[in-house]
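Here are a few quick notes for you, written as I went through the model. Have the viewer open while you read.

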Amino acid sequence: MEVKVTVNGQSYERDVEPRKLLIHFLRDDLDLTGSHVGCDTGNCGACSVIFDGVLLKSCMMLAVQADGSTVETVEGLAQDGELNPLQQAFSDHHALQCGYCTPGMLMSATALLRENPHPSEDEVRKGIQGNICRCTGYVNIVAAIQAAGE
Ligand code: FES
Ligand code: FES
């Protein structure tokens, strides 16, 4: 099926298998491999993107359902080769170790900060509750998101 979608401001048109998940479409068809696959079952959040302005786990949607929509992925955060303030805060606060969860964390945090630019620690923890990190213990991730908000 033909799918037309705008990702990070760029328009793409592809012929897609109806059963293909959005995460696999992004990674395999568009070569946007920043979004990760950790579980394929909606649990880990590594595949999180912003879909028509709303945070979404892209393993929970078919690519054909994205026809006519706008998607933001981690590749769209940096501008002109410069880390954006949230990415810089993750770097400054050592908010990652293996980095596998990081793209999804960044997208969840982006969605959170758009709605609530100055979240409390509790609000940050709630905002990233759909994202699992096996490495960091979350403390530095929370600190980075709060710092980016400031
Ligand atoms: S790969 Fe989508 S939630 Fe884990
Ligand atoms: S930094 Fe390794 S899973 Fe989060």
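By class, how many nonpolar, polar and charged residues does the lining of the largest pocket have? Point 1 takes that up; bear in mind throughout that this is a predicted model.

1. The largest pocket first. Its lining has seven nonpolar, five polar and two charged residues. That makes up the 14 residues around it, and Leu77, Asn84, Leu86, Thr110 and Arg114 are the ones nearest the centre. Helix 2 (85-92) and helix 3 (102-115) are the elements that give two or more residues to this lining. As for space, you have about 220 Å³ to work with.

2. Who contributes most there? The largest share of the lining of the largest pocket is from helix 3, with five residues. Seen by domain, at least three lining residues come from each of domain 1 (2-76) and domain 2 (85-148).

3. On to the second largest pocket, with a volume of about 170 Å³. From the domain 1 range, its lining takes in residues including Ile50, Gly53, Val54 and Leu55. Ser108, Ala111, Leu112, Arg114, Glu115, Asn116 and Gly127 also line this pocket. Strand 4 (54-57) and helix 3 are the elements that supply two or more of the lining residues. Here too helix 3 provides the largest share, five residues.

4. What is the class make-up of the second largest pocket's lining? Five residues are nonpolar, four are polar and two are charged. Domain 1 (2-76) and domain 2 (85-148) each give at least three residues to this lining. Arg114 is worth a click: it is among the residues lining the second largest pocket, and it is also listed among those nearest the centre of the largest one.

5. Now the strands. Strand 1 (residues 2-7) has alternating side chains: Val3, Val5 and Val7 are buried and point to one face, whereas Glu2, Lys4 and Thr6 point to the other and are not buried.

6. Which way does strand 1 pair with strand 2 (residues 10-15), parallel or antiparallel? The sense is antiparallel, over six bridges. Lys4 sits opposite Glu13 of strand 2. Two residues lie between the strands of this hairpin, and Asn8 takes a positive phi near 50° there, so to speak a spot to click on when you check the backbone.

7. Strand 1 has another partner as well: strand 5 (residues 70-72) pairs with it in the parallel sense over two bridges. Thr6 has Thr70 in strand 5 as its bridge partner.

Notes
Residues are numbered from 1 along each chain as its sequence is written. Chains are lettered from A and ligands numbered from 1 in the order in which they are written. This is a predicted model: local features need pLDDT of at least 70, side-chain atom pairs count only at pLDDT 80 or more; totals for chains, interfaces and linings use all residues. Side-chain values use heavy atoms; hydrogens and water are left out. Buried means under 20% relative accessible area, exposed over 50%, partly exposed in between (1.4 Å probe, protein chains only). Helices (H or I, at least four residues) and strands (E, at least two) are DSSP runs, numbered from the N terminus. Two strands pair if DSSP finds at least two bridges between them. On a 1 Å grid over the protein atoms alone, a cavity is a set of points where a 1.4 Å probe fits but cannot get out, and a pocket is an open set with protein on both sides within 12 Å along at least five of seven lines; lining residues have an atom within 4 Å of a point. Grid points are joined across faces, edges and corners, and a volume is the space filled by probe spheres set on the points. Ala, Val, Leu, Ile, Met, Phe, Trp, Tyr, Cys and Pro count as nonpolar, Asp, Glu, Lys and Arg as charged, and the others, Gly among them, as polar. Domain bounds come from an automatic or database domain assignment.
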